[in-house]
Amino acid sequence: MPNERDASELQRAVAALAPLAATAVPESLVDLLRGARRLWITPHERPDGDALGAALALQAILEQRGAKVAVISADAPAAVYDVIPSIGRVAHKAPPWQPDAAILVDCADPGRAGSAGALLAALPATTPRAIIDHHVSNRSDEPTAWIDPHAAATCEMVALLGIALDADLAADNGAIATALGAGLIMDTATFQHGNTTPRTLQVAALLLAAGAPLSEISRRLYRSRPLSQVKLHARVLGRVERSDAGRTVWATLSGADLVATGASAEESEGIVDALAQVVEADVAMFLKEDGPSATRLSVRTKEHGPDATEIVATFGGGGHARAAGATIPLALSEASAAALTVVAALRAGAHTS
């Protein structure tokens, strides 16, 4: 719980952000959430800290208003997200009741939410849908869609939404603030990424005052790894490859790498960010085997390098200009070649334009 000084700081932080929340949050979304009594909230498949934090924080915010809320995810959360106190509330199947509103968080297309998205798609057409997302590549025709590419994280948006709904963000011993803090830390890499704005830092100050242990969240997400994960990263990074005169770096992970190191697939998290640290490169790609005929692609780019969303758009993916991803329906070696071809073509186009 926040102490007396923190409570005062929290009040000041809320007061400072209230005008921004009033401007940023669509009235139609506030009206929908004020009136709904039963809601389903769904993050994208393979949910990360931002998707999970936004979904679980929004669940708690709406429950403060007396609503009945279920968070439904196609995939189980990775163990690293146990830093979110309410992570155990994530369900993997529909509850035995129908919602009077459904919300997608951190994505704009039910198709990107896997089996949970299919549940949303199967709801009656009369069920209102809302979207809360910050990916610049996403679009939606839903009348209650809030897509803000200027937000560093969907959790930043949910914090503003909480203010608009007069929620107590310090409730449950800071559990709501911690969930939101996890998403903010994850999507900014502890405020290192260029997506961090003055508003992002204002929201971070609010969450800190509301009880979010931001330094502990950062430690657990970025500086705490099991030995199997260290071995996996060492194995994959030990065979990093380069192209485009060193401006593109990439590495691949197969099922054999997981077997050799005893690691789980989720422990590959962070490899692409390590690749992005290569000084000479402005494009970093990590390709992970996702079955015999599918490959997960993660891309990071630097300023003045290609737009990451243009790289993944070829494969139906999306994200941000400097961080994006996609699933390529090809085996690992073929997918690697296809991704490299796209990057080379983008470079050639930029050179000739």
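**Note on the predicted structure**

1. The protein chain contains 13 helices and 12 strands. Its radius of gyration is 20 Å, close to the 20 Å that the globule rule gives for 353 residues, so the chain is as compact as a globular protein of that length. The reader should bear in mind that this is a predicted model.

2. The overall dimensions may be considered next. Taken along the principal axes, the box filled by the C-alpha atoms of the protein chain is roughly 55 × 50 × 45 Å. The accessible surface of the chain comes to about 15,300 Å², and carbon and sulfur atoms contribute 54% of that surface.

3. What share of the 353 residues is buried? Buried residues make up 50% of them. Among the contacts in the protein chain with a separation of 6 or more, 69% are accounted for by residues 24 or more positions apart.

4. One pair of helices deserves attention. Helix H5 covers residues 154–164 and helix H6 covers residues 171–188. Their axes come within 7 Å and cross at roughly 145°. On the H5 side, the contact is made by Cys155, Glu156, Val158 and Ala159; on the H6 side, it is made by Ala179, Leu180, Gly183 and Leu184. By character, the residues of this contact divide into six nonpolar, one polar and one charged.

5. Helix H7 offers a simple check of geometry. This helix has 12 residues, numbered 198–209, and at 1.5 Å a residue it should span 16 Å. The C-alpha atoms at its ends are 17 Å apart, which agrees with that expectation.

6. Which residues of H7 are buried? They are Arg199, Thr200, Val203, Ala204, Leu206, Leu207 and Ala209. As a general point, an α-helix has 3.6 residues a turn, so residues three or four places apart point the same way. Just after H7, Gly211 takes a positive phi of about 110°.

7. The final point concerns a single loop residue. Pro77 lies in the loop between strand S2 (68–72) and strand S3 (90–91). Is Pro77 buried or partly exposed? Its relative accessibility is 22%, and because the buried class requires under 20%, Pro77 counts as partly exposed. Leaving aside neighbours within four places in sequence, Pro77 is in contact with Leu52, Ile87, Val90 and His92. Pro77 and Glu45 are 32 residues apart in sequence, and their C-alpha atoms are 9.7 Å apart in space.

How values were computed
Residues are numbered from 1 along each chain as its sequence is written. This is a predicted model: local features need pLDDT of at least 70, side-chain atom pairs count only at pLDDT 80 or more; totals for chains, interfaces and linings use all residues. Side-chain values use heavy atoms; hydrogens and water are left out. Axes are lines fitted to C-alpha atoms, for helices over the stretch in contact, and angles run from 0 to 180 degrees between N-to-C directions. Helices (H or I, at least four residues) and strands (E, at least two) are DSSP runs, numbered from the N terminus. Contact means heavy atoms within 4.5 Å. Ala, Val, Leu, Ile, Met, Phe, Trp, Tyr, Cys and Pro count as nonpolar, Asp, Glu, Lys and Arg as charged, and the others, Gly among them, as polar. The expected span of a helix is 1.5 Å times one less than its number of residues. Buried means under 20% relative accessible area, exposed over 50%, partly exposed in between (1.4 Å probe, protein chains only). The radius of gyration is taken over C-alpha atoms; the globule rule is 2.2 Å times the number of residues to the power 0.38. Accessible areas come from the Shrake-Rupley method with a 1.4 Å probe; for residues, only the protein chains shown count as cover.
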